[in-house]
Amino acid sequence: MKKSLPWWLRDLLLLSGFVAVLIGLSYGLEAIPISGIAYYNRILVIMGINITLAVSLNIINGHAGQFSLGHAGFMAVGAYFSAYLTYYHFAPRLDKMPAGTEQYVMQNVYLVIAVLAGGLLAALAGYLVGLPSLRLRGDYLAIVTLGFGEIIRVLILNIDKIGAARGFSGIPHWSNFFWVFLVAGLTIVISWRLVQSSVGRAFLAVREDQIAAEAMGVDTTKYKVKAFVIGSFMAGVAGGLYAHYMMYLNPQMFMFVKSFEVVAMVVLGGLGSISGSVVAAVILTFLPEGLRSVKDYMPGGRDPRMVIYSIMLIVLMLTRPQGLFGRRELWDFLPKRKDRIPTEGRDEGDADSKLDRNAGPPVT
């Protein structure tokens with residue numbers, strides 16, 4: 001009997017293959033001789049960032065069952081803090097180094113450090129918000145997280161060091177297709193592994209019935225805070241990559257509308273479905289761009305994209321309120337392999353022996 005590889009070695013081999021594919025795609029997309037390829041590459045990068053945001057919010061809203069509307073705030077914390085580090089500390093050091101391989105390697109090292117630092121600060125913010133407020137449920141929790149996102153935005157408006165209301169410009173362009181989709185892939189794997197672990201089972205127990213989970217000994221507040229911390233960390237990382245790709249940040253980018261967009265991706269894909277969040281992020285990233293051409297056929301040049309976009313979401317919620325995938329994954333819809341039915345006959349014995357076997361004990 002063949003022995004399967006250890007899980008860590010199997011994951012390492014898959015990660016190596018995934019990295020190799022991303023490297024090939026990142027160089028291949030830039031080399032395609034098509035007009036407007038930079039625009040399409042930009043849409044793909046935004047799509048990868050949205051995948052990370054949707055999957056991370058799905059941990060909070062879908063797996064742990066907590067309705068959060070503050071994801072844009074966590075994204076803003078990671079974006080601004082990582083941009084602050086690179087602009088004021090890492091970029092000046094990099095400029096002093098001679099151009100070449102060493103500078104390129106250090107640029108990527110600094111990017112990873114800045115993005116992880118932004119994610120950690122966002123996780124700390126998630127912990128500080130979650131610890132006192134996650135004793136609340138439902139609409140009350142949504143209001144608290146929505147207020148947190150607005151508090152973060154107002155604080156940014158009053159910090160002149162990071163641009164305040166005029167925006168933060170001059171951020172180094174260090175993020176690219178490779179880093180964005182590497183983080184998106186890692187976010188999907190981490191979310192999947194988390195759901196299969198004991199922590200993920202506790203998340204699901206809290207989601208299904210919090211009172212029953214508490215009766216079974218699950219510390220519901222502890223696990224809700226864990227879900228918030230993990231989801232906010234990933235949102236902060238996505239914000240850091242976003243900042244180093246756009247090269248400019250403005251508090252208007254992180255208004256509550258951004259949180260609603262991410263919530264729409266999670267609800268559209270299905271609460272609790274990882275692959276549903278990925279598919280919905282792809283759809284809701286490309287849909288506004290695909291509807292851009294409709295504007296040319298409207299009288300007065302009006303832009304009907306948001307109206308069509310809203311109508312489609314309303315129709316979907318009326319016809320399929322559980323989302324595209326519900327709580328199932330994409331592979332659950334694939335046809336299952338049926339076991340082969342044996343063609344050879346079995347020795348069933350004769351009728352008399354069957355009767356003897358099925359007969360009960362003699363009555364005395």
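Hi everyone. Let me start with one term: by a polar contact I mean a pair of N or O atoms within 3.5 Å, where, within protein, one must be able to donate a hydrogen and the other to accept it. The model we're looking at is a predicted one, so please keep that in mind as we go.

With that term in hand, have a look at the start of helix α11. There, a side-chain oxygen of S273 comes to within 3.0 Å of the backbone nitrogen of G276. The start of α6 has a contact of its own: a side-chain oxygen of N176 reaches to within 3.2 Å of the backbone nitrogen of F178.

Let's stay with those two helices for a moment. Helix α11 covers residues 274-290, so at 1.5 Å a residue its 17 residues should span 24 Å, and the C-alpha atoms at its ends are indeed 24 Å apart. For α6, residues 177-196, the 20 residues should span 28 Å, and the end C-alpha atoms sit 29 Å apart, which agrees. Which residues of α11 are buried? They are I274, S275, G276, S277, V278, A280, A281, L284, T285 and L287.

Now let me step back to the whole chain. It has 13 helices and two strands. Of its 364 residues, 43% are buried. If you take the contacts between residues at least 6 apart in sequence, 80% of them join residues at least 24 apart.

On to the packing. As a reminder, in soluble globular proteins nonpolar side chains tend to be buried together. In this model the largest nonpolar core has 76 residues, and I49, L249 and F254 have the most contacts inside it. Helix α3, residues 71-95, gives this core its largest share, eleven residues. Apart from it lies another core, this one of eight residues, including I59, L194, A202 and F203. Going back to L249, what does it touch, leaving out residues up to four places away in sequence? The list is A79, Y80, A83, G167, F168, I171, Y242, A243 and F254.

Next, two serines that I'd like you to find on your screens. The first is S82, in helix α3. S82 counts as buried because its relative accessibility is 0%. Where does its side chain go? It reaches the backbone oxygen of G78 at 2.7 Å, and a polar atom of the S82 side chain also lies 3.1 Å from the backbone oxygen of A79. Beyond four places in sequence, S82 touches A114, V115, G240 and H244. There is a long-range pairing here too: S82 and G239 are 157 residues apart in sequence, yet 8.4 Å apart in space, C-alpha to C-alpha.

The second serine is S232, which is found in helix α9. S232 also has 0% relative accessibility, and therefore counts as buried. A polar atom of its side chain lies 3.0 Å from the backbone oxygen of V229, and the S232 side chain reaches the backbone oxygen of A122 at 3.4 Å. Leaving aside neighbours within four places in sequence, S232 is in contact with F74, G119, A122, A123 and G126.

Last topic: empty space. Rolling a probe the size of a water molecule over the atoms shows where such space is left. How much space lies in the largest pocket? About 650 Å³. Its lining has 24 residues, and those nearest the centre are I46, N50, K258, E261 and P288. Helices α2 (37-63), α9 (220-246), α10 (256-269), α11 and α12 (305-319) each supply at least two lining residues. The largest share, five residues, comes from α2.

As for closed space, the count comes to one cavity of 30 Å³ or more, and the largest cavity has a volume of about 30 Å³. Lining that cavity are L69, G70, A72, G73, L146, G149, E150, F254, M255, F256 and S259. The elements giving two or more residues to this lining are α3, α5 (138-157) and α10, and the largest share, three residues, comes from α5. You may recognise F254 from earlier: F254 is among the residues with the most contacts inside the largest core, and F254 also lines the largest cavity.

That's my tour. Thanks for listening, and I'm happy to rotate the model for anyone who'd like another look.

Methods:
Residues are numbered from 1 along each chain as its sequence is written. This is a predicted model: local features need pLDDT of at least 70, side-chain atom pairs count only at pLDDT 80 or more; totals for chains, interfaces and linings use all residues. Side-chain values use heavy atoms; hydrogens and water are left out. Helices (H or I, at least four residues) and strands (E, at least two) are DSSP runs, numbered from the N terminus. The expected span of a helix is 1.5 Å times one less than its number of residues. Buried means under 20% relative accessible area, exposed over 50%, partly exposed in between (1.4 Å probe, protein chains only). A nonpolar core is a set of buried Ala, Val, Leu, Ile, Met, Phe, Trp, Tyr and Cys residues joined through side-chain atoms within 4.5 Å. Contact means heavy atoms within 4.5 Å. On a 1 Å grid over the protein atoms alone, a cavity is a set of points where a 1.4 Å probe fits but cannot get out, and a pocket is an open set with protein on both sides within 12 Å along at least five of seven lines; lining residues have an atom within 4 Å of a point. Grid points are joined across faces, edges and corners, and a volume is the space filled by probe spheres set on the points.
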